[in-house]
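Reader: I'm new to this one. Could you take me through a single part of it up close, the way the helices pack and the rings around them?

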Amino acid sequence: MSNRHTIVLIQTSHNRATRTFMDFESVTQAMDGICALYERKLKELNPAIRNFSYDIADLYNFMDGLADMSALVYDHSIHAYVPHDRQWIKQRTLRHLKKFAH
């Protein structure tokens, strides 16, 4: 699944104007992109801090704080995008980050 085109849909607040998307060539790149989005938010909130760390609970809190979050992953066998919810994204992000811990 990691080499499938992935679109991450995000709505940051209840205002529909905050809807946006991120486009990635793979699920792995999408998980990196979600982490990068959170890291940019941390830098925005803490501009004086050059190095920071976070754990999976912090990342999950960020995801849960979004009004909406989902992913569309292209499935070549059916020639269509398969939708996935926030919980799936959390599970995939955790699996992705565990690779770096080993």
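Author: Here is a walk along one helix and its neighbours, followed by the aromatic rings.

First, the ground rules: this is a predicted model, where local features need pLDDT of at least 70 and side-chain atom pairs count only at pLDDT 80 or more, while totals for chains, interfaces and linings use all residues. Residues are numbered from 1 along each chain as its sequence is written, and side-chain values use heavy atoms, with hydrogens and water left out.

Two packed helices are described by the angle between their axes and the distance between the axes. Helices here are DSSP runs of H or I, at least four residues, numbered from the N terminus. Axes are lines fitted to C-alpha atoms over the stretch in contact, with angles from 0 to 180 degrees between N-to-C directions.

Start with helix α1, residues 27–45, and helix α2, residues 56–65: their axes come within 11 Å and cross at roughly 90°. That makes α1 roughly perpendicular to α2 (65 to 115 degrees counts as that). On the α1 side you'll find Ile-34, Cys-35, Leu-37, Tyr-38 and Lys-41, meeting Asp-58, Leu-59, Phe-62 and Met-63 of α2; contact means heavy atoms within 4.5 Å. Sorted by type, the residues of this α1–α2 contact are seven nonpolar, no polar and two charged.

Now swing over to helix α3, residues 86–101, which packs with α1 at about 90°, the axes 10 Å apart. So α1 is roughly perpendicular to α3 as well. Ile-34 and Cys-35 turn up here too, among the α1 residues that meet α3, whose side includes Trp-88, Ile-89 and Phe-100. This contact divides into eight nonpolar, three polar and two charged residues.

What about the rings? The structure holds three aromatic pairs (ring centres within 6.5 Å; planes under 30 degrees apart are stacked, over 60 edge-to-face, the rest tilted). Tyr-38 and Phe-62 make a tilted one, 5.0 Å centre to centre with 40° between the planes. That pair ties distant parts of the chain together, with Tyr-38 in α1 and Phe-62 in α2, 24 residues apart. Both Tyr-38 and Phe-62 are buried (under 20% relative accessible area; exposed is over 50%, partly exposed in between, with a 1.4 Å probe and protein chains only). Ring pairs also bring in Tyr-54, giving a cluster of Tyr-38, Tyr-54 and Phe-62.

Methods: Helix = DSSP H or I, 4+ residues; strand = E, 2+ residues; numbered from the N terminus. Parallel < 35°, antiparallel > 145°, perpendicular 65-115°, else oblique. Nonpolar A, V, L, I, M, F, W, Y, C, P; charged D, E, K, R; others polar. Phe/Tyr/Trp six-rings, centres within 6.5 Å; stacked < 30°, edge-to-face > 60°.
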